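Please open the model in the viewer and keep the selection panel at hand. The tour proceeds stop by stop, with a selection to make at each.

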Amino acid sequence: MLLRIIPFEIRKLFEQPMIYLFFVASLLLNIIYIATAGLDQSYLHYIQETEEKTGTFMTAEFHEKLSSESTSREQQRLLTETAEQMNIFQHYSTETLGQQMIDFFQIQGSVAEKMKGKYERLTPVVYELAEEQAALEVGAAGETMSYFTFIRNRLFRVILGESLIFALLLGLYGSTSERLTKTDVLVMTSKTGRKTQVSKYVASVILTILFYVTMVLLIFGVFNHMYPLGALWQTSMSTQFHINVYFPQLLEIPFILWQPMTLLNYTILSIVLGGLLVILCHGFSFLIGLWTDHLFRGFVVFVVMYVVLLGLEQIVNQFGWWNMHALLMWHPISLWKIQCYWFTEMGPYATIPWQESIAMVVNFLLLGVCGLFTSKFYLTKEVK
């Protein structure tokens, strides 16, 4: 019976005009964001045309062939930007990097020891990057950082942020819609009626996933139409033209992932992990809606939790409580905040390899436990 109800619940959600307004507003804002990105497409086109003759790696042969090309402003710029032919991962010490990270952020105690172990496990990855000569890939030369940063730190972050807000609101609405329409006394007074919340959950999570997937496909499609990247999608994320930057203190290090990836592979993996985070956010907001039994109250609870966690993080950072800081990096809000460091060594934000992926699995297990506990509570609570 519950399966038969799902299509009707989906149709009820599609009848809400706010869903269309939110989608259109997000779409227009993202298109404007792309149109005003200011990326140098002409220089990228020159590099890609030149690479057909010179190759894609900064070798002596590359410079010899580039020097023989007709003189132009782009040629002189590319010669200057590729003058340093350094395979930076050759003889690169991850132990030194780990100590640099510990000293820079003044990490102490057991967390510092875990950090040392984490960076020791990064050594085989650096060896692989050195063998592949990933650092010598030209990519878009001096514009590589602009393109890579815009895609992973800005464009995808905006899409993910909008999808998380949509997931939060739809999760709360899905679990409190009967209260909003004042039909809760009729529907929720029986166990059978209350079980329809399962159908509402499935319907709202399907619509949440549909929003996210549609937004990703449309926005990246528009981006690739306005700024066709061509072979740049196949450039290593660890090229020397792309670095990892840690804030609020400014620390720049090579961009080292736990598995060598191209821009395309990294983007796809980020989209997959982002989708899981969206589903997770929807699930927790749906449960909050069941507990509070009111959309606005549920939203207030979420905002309070968000503010408290951010405030606690600031206090922890201020006093240097690194064990607590390491623990705080596992909840969904922190996973969203450190999105731009996903799949990298993540500096002070992780103590183990692939922590963001493992944290996602842990949070899904926690969601399952909370779901079971909430279902027992919900099936026996009184309707007011």
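Begin by selecting Arg73, which is exposed, with a relative accessible area of 66%. In this tour, buried means under 20% relative accessible area, exposed over 50%, and partly exposed in between, with a 1.4 Å probe and protein chains only. Add Glu74 to the selection: Arg73 forms a salt bridge with Glu74, and the closest N and O atoms are 3.6 Å apart. A salt bridge here is a side-chain nitrogen of Lys or Arg within 4 Å of a carboxyl oxygen of Asp or Glu.

The model is a predicted one, in which local features need pLDDT of at least 70 and side-chain atom pairs count only at pLDDT 80 or more, while totals for chains, interfaces and linings use all residues. Residues are numbered from 1 along each chain as its sequence is written, and side-chain values use heavy atoms, with hydrogens and water left out.

**The whole chain**

Zoom out to the full protein chain, which has 17 helices and two strands. Helices (H or I, at least four residues) and strands (E, at least two) are DSSP runs, numbered from the N terminus. Along the principal axes, the C-alpha atoms fill a box of roughly 80 × 50 × 30 Å. Of the 384 residues, 49% count as buried.

**Further salt bridges**

Side chains of opposite charge can pair when their charged atoms come close. By the rule given above, the count comes to 10 salt bridges.

Select Glu61 and Lys65 next; their side chains meet in a salt bridge with an N to O distance of 3.0 Å. Because Glu61 and Lys65 are four residues apart in helix α4 (residues 60–67), about one helical turn separates them. Glu61 is partly exposed at 48% relative accessibility, and Lys65 is partly exposed at 33%.

Move on to helix α7 (residues 109–120), where Lys116 and Glu113 lie three residues apart, about one turn of the helix. Lys116 forms a salt bridge with Glu113, the closest N and O atoms being 3.7 Å apart. Are these two partners buried, partly exposed or exposed? Lys116 is partly exposed, with a relative accessible area of 35%, whereas Glu113 counts as exposed at 51%. Then select Asp40, Arg77, Glu81 and Glu143, which are joined into one network by salt bridges that share partners.

**The nonpolar surface patch**

Switch to a surface display and select Ile165, Leu169, Phe299, Val303 and Val307, which make a nonpolar surface patch of about 370 Å². Patches are made of residues with over 30% relative accessible area and no salt bridge; like charges are joined within 9 Å, and nonpolar side chains (Val, Leu, Ile, Met, Phe, Trp, Tyr) within 5 Å. Accessible areas come from the Shrake-Rupley method with a 1.4 Å probe, and for residues only the protein chains shown count as cover. Helices α9 (144–180) and α14 (295–319) each supply at least two residues of the patch, and α14 gives the largest share, three residues. Ile165 is found in α9 and is partly exposed, with a relative accessible area of 43%.

**The largest pocket**

Now select Cys281, Phe284, Phe302, Pro332 and Ile333, which lie nearest the centre of the largest pocket among its 26 lining residues. The elements that give two or more residues to this lining are α9, α13 (263–292), α14, α16 (332–337) and α17 (355–380). Which element supplies the largest share of the lining? Helix α13 does, with eight residues. The pocket holds about 620 Å³ of space.

On a 1 Å grid over the protein atoms alone, a pocket is an open set of points with protein on both sides within 12 Å along at least five of seven lines, a cavity is a set of points where a 1.4 Å probe fits but cannot get out, and lining residues have an atom within 4 Å of a point. Grid points are joined across faces, edges and corners, and a volume is the space filled by probe spheres set on the points.

The lining of the largest pocket divides into 21 nonpolar, five polar and no charged residues. Ala, Val, Leu, Ile, Met, Phe, Trp, Tyr, Cys and Pro count as nonpolar, Asp, Glu, Lys and Arg as charged, and the others, Gly among them, as polar.

**The second largest cavity**

For the last stop, select Ile151, Arg152, Phe156, Phe220, Tyr266, Thr267, Ser270 and Gln339, which line the second largest cavity. This cavity contains about 40 Å³ of space.
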